[in-house]
Amino acid sequence: MRWSSDLAYVVGLITTDGSLSIDGRHINLTSKDKEQIDTFAKILHLNNKVEFKISSYNPNGLYYQIQFGNVKIYRFLLDIGLTPNKTKTLSSLLIPDKYFADFLRGHLDGDGYTYSYWDKRWKSSFMLYTGFVSASKKHLEWINEKIKKLYGIEGRIGYSGKSVFQLKFAKNSSIKLLKNIYYSPTISCLSRKRFKIQSALAIISTCGCAEMVYRHA
């Protein structure tokens, strides 16, 4: 398969919200956002039926899912480092530097978060944090090293409970990272997250402040 911005974005989604069946051909993507499923299907030219799913973690939440069979794509995903039952074994992936920002955008749309608000402790202080979530600490360590290499910034990895780790970026590091991830108005992304991020960056640009905090999107 030939790498592209859209393919790297899809790999980011599969890395977070996707799974590979043990049968060697089927790939599944589950999301609470129908838009994300539709974008995924459009990029991969899928006509498969979108189904509903009740999450075992949130019985009251309704999720969308799409499953398709493609041996070529499945083997490609294996070649770059993804595996069935990847949750805690996930480590580094073979993502070209040229498309790493697109991969990160898919990762952020899948299991990432941003949060922003005005901090009343200081005048004109606007808080913002960006983070990536994974059950694999090694995977987040790899992401952190790649971001440091490509963008010259570094986040912090912490344990958040329930066997989940978070890689968090604050202050100017978060601003620089987000501007690299959302580098064009035509890239594939989840619109609600992009709007939230653009709104926060616009406030920071206007007031010239860059204090940051985190919370799940």
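**Figure 1. Confidence across the predicted model of the protein chain.** The mean pLDDT of the chain is 89, and 90% of its residues reach 70 or more. Over residues 210–217, by contrast, pLDDT stays under 50. For this segment the model nevertheless has 41 contacts beyond four places in sequence.

**Figure 2. Overall make-up of the protein chain, with seven helices and eight strands.** The chain has 217 residues, of which 49% are buried. Its accessible surface comes to about 11400 Å², and carbon and sulfur atoms account for 50% of that area. When contacts between residues at least 6 apart in sequence are considered, 68% of them join residues at least 24 apart.

**Figure 3. Helix α1 (residues 5–17) and the elements that cover it.** Helix α1 comprises 13 residues and reaches 18 Å from its first C-alpha to its last, which is close to the 18 Å expected at 1.5 Å a residue. Because eleven of these 13 residues are buried, α1 is largely enclosed by the rest of the structure. The buried positions are Leu7, Ala8, Tyr9, Val10, Val11, Gly12, Leu13, Ile14, Thr15, Thr16 and Asp17. Their cover includes the strands β1 (18–20) and β2 (26–31). It also includes the helices α2 (34–44), α3 (71–80), α4 (100–111) and α5 (137–151).

**Figure 4. Surroundings of serine 91, in the loop between α3 and α4.** Serine 91 is partly exposed, with a relative accessible area of 28%; this value lies between the limits of 20% for buried and 50% for exposed residues. Neighbours within four places in sequence being left aside, serine 91 is in contact with Lys138, His139 and Trp142. Leucine 140 stands 49 residues away from serine 91 in sequence, yet the two C-alpha atoms are 7.8 Å apart in space. Residue 140 falls within the range of helix α5 (137–151), one of the elements that cover the buried residues of α1.

**Figure 5. A nonpolar surface patch made by Phe52, Ile54 and Leu62.** The area of the patch is about 330 Å². One of its members, leucine 62, is found in strand β4, which runs over residues 62–69. Leucine 62 has a relative accessible area of 45% and is therefore partly exposed, since the term exposed is kept for values over 50%.

Key. Residues are numbered from 1 along each chain as its sequence is written. This is a predicted model: local features need pLDDT of at least 70, side-chain atom pairs count only at pLDDT 80 or more; totals for chains, interfaces and linings use all residues. Side-chain values use heavy atoms; hydrogens and water are left out. Patches are made of residues with over 30% relative accessible area and no salt bridge: like charges are joined within 9 Å, nonpolar side chains (Val, Leu, Ile, Met, Phe, Trp, Tyr) within 5 Å. Accessible areas come from the Shrake-Rupley method with a 1.4 Å probe; for residues, only the protein chains shown count as cover. A salt bridge is a side-chain nitrogen of Lys or Arg within 4 Å of a carboxyl oxygen of Asp or Glu. Helices (H or I, at least four residues) and strands (E, at least two) are DSSP runs, numbered from the N terminus. Buried means under 20% relative accessible area, exposed over 50%, partly exposed in between (1.4 Å probe, protein chains only). The expected span of a helix is 1.5 Å times one less than its number of residues. Contact means heavy atoms within 4.5 Å. pLDDT is the predictor's confidence in each residue, from 0 to 100.
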